[in-house]
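These are my notebook entries on a single model, written in the order in which I looked things up. I started with strand pairing and went on to aromatic pairs, a histidine and the cysteines.

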Amino acid sequence: MTPQDRAQDVLAPPAKAAIFLTVTVREGKEQEARDALADVASVTRAIGFRIPEAALSCVVGIGAEAWDRLYAAPRPDGLHPFRPLTGEKHVAVATPGDLLFHLRAGRPDLCFELGRQLMVLFDGLVDCVDEVHGFRYWDERDLLGFVDGTESPTAAAESGPAALVGYGETDPDERYAGASYVIVQKYLHDLDAWEKLSVEEQELVVGRKKLSDIELADSVKPDDSHVALNTITDPDGTERAIVRDNMPFGSVGAGEFGTYFIGYAADSGVTEEMLRNMFLGRTPGRHDRILDFSTAVTGCLFFVPPAAFLEDPEPFLARTRA
């Protein structure tokens, strides 16, 4: 069985609708919450079975502090509390989050029903600290008008190694092969300020052409553009990737418009390096220009264990303790 076979639905194709639920586990309810996690897959199957073509899925992530409370075993190597970043102008905040539920489907009603049933399953055990309903917008664009996620790998040969622990290794760590790390941030956009820029100015901020989505030539692409600062390479020149499934969200009445960033990675350090580049800059004061128009209001890091772990973690934990 390959890491991809063991994984949760991390590599599911982009869906038309999503709900992102971040919750905290109440004190004294750790064992009950752990037991409830074992039922998430069956609840998801029961709802999705009725409309299989909508491809309903749910990925569950576990935060560092929750891991310490739920499981009597050392944390996975890359799991730790989200590390806030304070740049000269912008801040990547750290916010509470013990469990993440990433719900995806081809129809929003399935996501809604699954979210409702999850809250029934965890009733009295958790408190929801963030809930975002995402949607696909036009031709894969965000609310800033640019195509989002162009560099996210789509083929399994690329997305598996980028997102899944143990993928492609000759001797993978059997404890958590197929696991992933996921960082989430909710960004709110200042569309009034953004739309005062010309299209050409917006393109220099992002590093791509707005209409065609073609990356700007290196000779004209600023080194503080979003694309430039999110390009991560190893010393040998190999580019490191993460699997993104960002979604726009908003409330027209409240005038709230944003992007929910979600990045899956086999190595959480890759995503963290991207964030350091964005908020601190590769050189001091050269932060990602998109942050002048988009503010991060949440920040969490979660471990996404193999699918079988949630239903019965003991075989995994026994190997970890050995």
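Before counting anything, I fixed the term: two strands pair if DSSP finds at least two bridges between them. I also noted that this is a predicted model.

**Entry: strand 2.** With that criterion in hand, I found six bridges joining strand 2 (residues 57-62) to strand 5, and the two strands run antiparallel. As one point on this ladder I recorded Gly61, which stands opposite Leu100 in strand 5. I then asked how many of the residues of strand 2 are buried. The count is six of six, and the strand is mostly covered. In a regular strand the side chains alternate between the two faces of the sheet. Here I listed Ser57, Val59 and Gly61 as pointing one way from strand 2, with Cys58, Val60 and Ile62 pointing the other way, and all of them are buried.

**Entry: His102.** I stayed on strand 5 (residues 99-105), since His102 lies in it. His102 has 0% relative accessibility and counts as buried, because the limit for that class is under 20%. Its side chain makes a polar contact with the side chain of Tyr264, at 2.7 Å. Leaving aside neighbours within four places in sequence, I found His102 in contact with residues including Ser57, Cys58 and Val59, as well as Phe20, Asp245 and Ile262.

**Entry: strand 12.** Next I looked up strand 12 (residues 256-265), where eight of the 10 residues are buried, so the strand is largely enclosed by the rest of the structure. Which strands pair with strand 12, and over how many bridges? Strand 7 (residues 180-189) does so in the antiparallel sense over eight bridges, with Ile183 having Gly263 as its bridge partner. Strand 10 (residues 243-244) is joined to strand 12 by two bridges, again antiparallel, and there Arg244 stands opposite Gly263. Strand 11 (residues 247-251) adds five antiparallel bridges, and I noted Pro248 opposite Thr259. Strands 11 and 12 form a hairpin with four residues between them, and Gly255 in the turn has a positive phi of about 65°.

**Entry: aromatic rings.** I counted 15 aromatic pairs in the structure. One of them brought me back to strand 12: the ring centres of Phe20 and Tyr260 are 4.0 Å apart and their planes lie at 15°, so I recorded the pair as stacked. This pair links distant parts of the chain, for Phe20 is in strand 1 (residues 17-25) and Tyr260 in strand 12, 240 residues apart. Are these two residues buried or exposed? Phe20 is buried at 0% relative accessibility, and Tyr260 is likewise buried at 0%. Separately, I noted one aromatic cluster formed by Trp67, Tyr71, Tyr176, Tyr181, Phe303, Phe309 and Phe316.

**Entry: cysteines.** Finally I searched the whole structure for disulfides and found zero. Cys111 is in none, and the nearest cysteine sulfur, that of Cys58, is 9.5 Å away, whereas a disulfide needs two sulfur atoms within 2.5 Å. Cys128 is in no disulfide either, its nearest cysteine sulfur being that of Cys300 at 11 Å. On accessibility, I have Cys111 as buried, with a relative accessible area of 1%, and Cys128 as partly exposed, at 38%.

Terms used
Residues are numbered from 1 along each chain as its sequence is written. This is a predicted model: local features need pLDDT of at least 70, side-chain atom pairs count only at pLDDT 80 or more; totals for chains, interfaces and linings use all residues. Side-chain values use heavy atoms; hydrogens and water are left out. Buried means under 20% relative accessible area, exposed over 50%, partly exposed in between (1.4 Å probe, protein chains only). Rings of Phe, Tyr and Trp (its six-membered ring) pair if their centres lie within 6.5 Å; planes under 30 degrees apart count as stacked, over 60 as edge-to-face and the rest as tilted. A polar contact is a pair of N or O atoms within 3.5 Å; within protein, one must be able to donate a hydrogen and the other to accept it, and residues adjacent in sequence count only if both atoms are side-chain atoms. Contact means heavy atoms within 4.5 Å.
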